[in-house]
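Hi,

Here is the structure I promised to pass on. Have a look at it first, then read my notes underneath.

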Amino acid sequence: MSRYIVIKGSQSAHCCFDCTVVDTSRPYLIAGKQYEGQFEALCETFDQADADLICAALNFYEENK
C-alpha cells in the first residue's frame with residue numbers, strides 16, 4: 001500500500017470537495033483507536049485529477065528521498 005492515497009469525497013464533510021489526499025502512516029485516532037478507517041488529511045481537492053497528481057508527487061518523493 002502506498003503511503004499517500006486518494007479518498008473519494010471530503011473527509012471533512014465539505015460538499016464542495018470531491019477528494020481527500022491522506023497519509024496512511026498517520027491514522028486519525030479517537031481515544032487511541034482509529035476512527036472509521038480515516039487517516040490524517042493533507043489536502044482536499046475539487047476534482048479527482050488534481051488529487052491523483054498530488055498523491056503521485058507525494059508518493060514519488062517518499063520512495064525517492
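Confidence in the protein chain is lowest in strand 3, residues 33-45, where the mean pLDDT is 92, and highest in helix 1, at 97. Keep in mind that this is a predicted model. Over the protein chain the mean pLDDT is 94, and 100% of the residues reach 70 or more. You'd want to check this before anything else, because predicted coordinates should not be read in detail where pLDDT is low.

Now for the overall layout. The protein chain has 1 helix and 3 strands, and from the N terminus on they come in the order β-β-β-α. Along its principal axes, the C-alpha trace spans about 35 × 30 × 15 Å. How does the radius of gyration fit with a compact globule? For 65 residues such a globule would come out near 11 Å, and the protein chain has 12 Å, so the two agree. Buried residues account for 25% of the 65 residues. If you take the contacts with a separation of 6 or more, 41% of them join residues 24 or more positions apart.

Next, the inside. Which residues make up the largest nonpolar core? There are 5 of them: Tyr4, Cys19, Val21, Ala51 and Cys55. Strand 2 (19-30) and helix 1 (48-64) are the elements that give two or more residues to this core. Val21 is a good one to click on. Setting aside its neighbours within four places in sequence, Val21 is in contact with Ile5, Val6, Glu40, Ala41, Leu42, Cys43, Ala51, Ile54, Cys55 and Leu58. Two of those partners, Ala51 and Cys55, belong to the core as well.

Then look at Thr20, which lies in strand 2. Is Thr20 buried or exposed? Its relative accessible area is 0%, and the cut-off for buried is under 20%, so Thr20 counts as buried. The side chain of Thr20 reaches the backbone oxygen of Gly9 at 2.9 Å. Not counting residues up to four places away in sequence, Thr20 touches a list of residues that includes Ile5, Val6, Ile7, Gly9, Ala41 and Glu44.

A couple of backbone oddities are worth a look too. Most residues other than glycine have a negative phi. Ala31, however, has a positive phi, near 55°, and Glu36 has a positive one as well, near 45°. Where do they sit? Ala31 is in the loop between strand 2 and strand 3, whereas Glu36 is in strand 3. Ala31 has 79% relative accessibility, so it counts as exposed. Glu36 is exposed too, with a relative accessible area of 62%.

Last, the rings. The structure holds 2 aromatic pairs. One of them is Tyr28 with Tyr35, an edge-to-face pair with 6.1 Å centre to centre and 70° between the planes. Why do both rings count as partly exposed? Tyr28 has 42% relative accessibility and Tyr35 has 33%, and partly exposed covers what falls between under 20% and over 50%.

If you only have a few minutes, try Thr20 and its reach to the backbone oxygen of Gly9, then the pair of Tyr28 and Tyr35.

Cheers

How values were computed. Residues are numbered from 1 along each chain as its sequence is written. This is a predicted model: local features need pLDDT of at least 70, side-chain atom pairs count only at pLDDT 80 or more; totals for chains, interfaces and linings use all residues. Side-chain values use heavy atoms; hydrogens and water are left out. A nonpolar core is a set of buried Ala, Val, Leu, Ile, Met, Phe, Trp, Tyr and Cys residues joined through side-chain atoms within 4.5 Å. Buried means under 20% relative accessible area, exposed over 50%, partly exposed in between (1.4 Å probe, protein chains only). Helices (H or I, at least four residues) and strands (E, at least two) are DSSP runs, numbered from the N terminus. Contact means heavy atoms within 4.5 Å. A polar contact is a pair of N or O atoms within 3.5 Å; within protein, one must be able to donate a hydrogen and the other to accept it, and residues adjacent in sequence count only if both atoms are side-chain atoms. pLDDT is the predictor's confidence in each residue, from 0 to 100. Rings of Phe, Tyr and Trp (its six-membered ring) pair if their centres lie within 6.5 Å; planes under 30 degrees apart count as stacked, over 60 as edge-to-face and the rest as tilted. The radius of gyration is taken over C-alpha atoms; the globule rule is 2.2 Å times the number of residues to the power 0.38.
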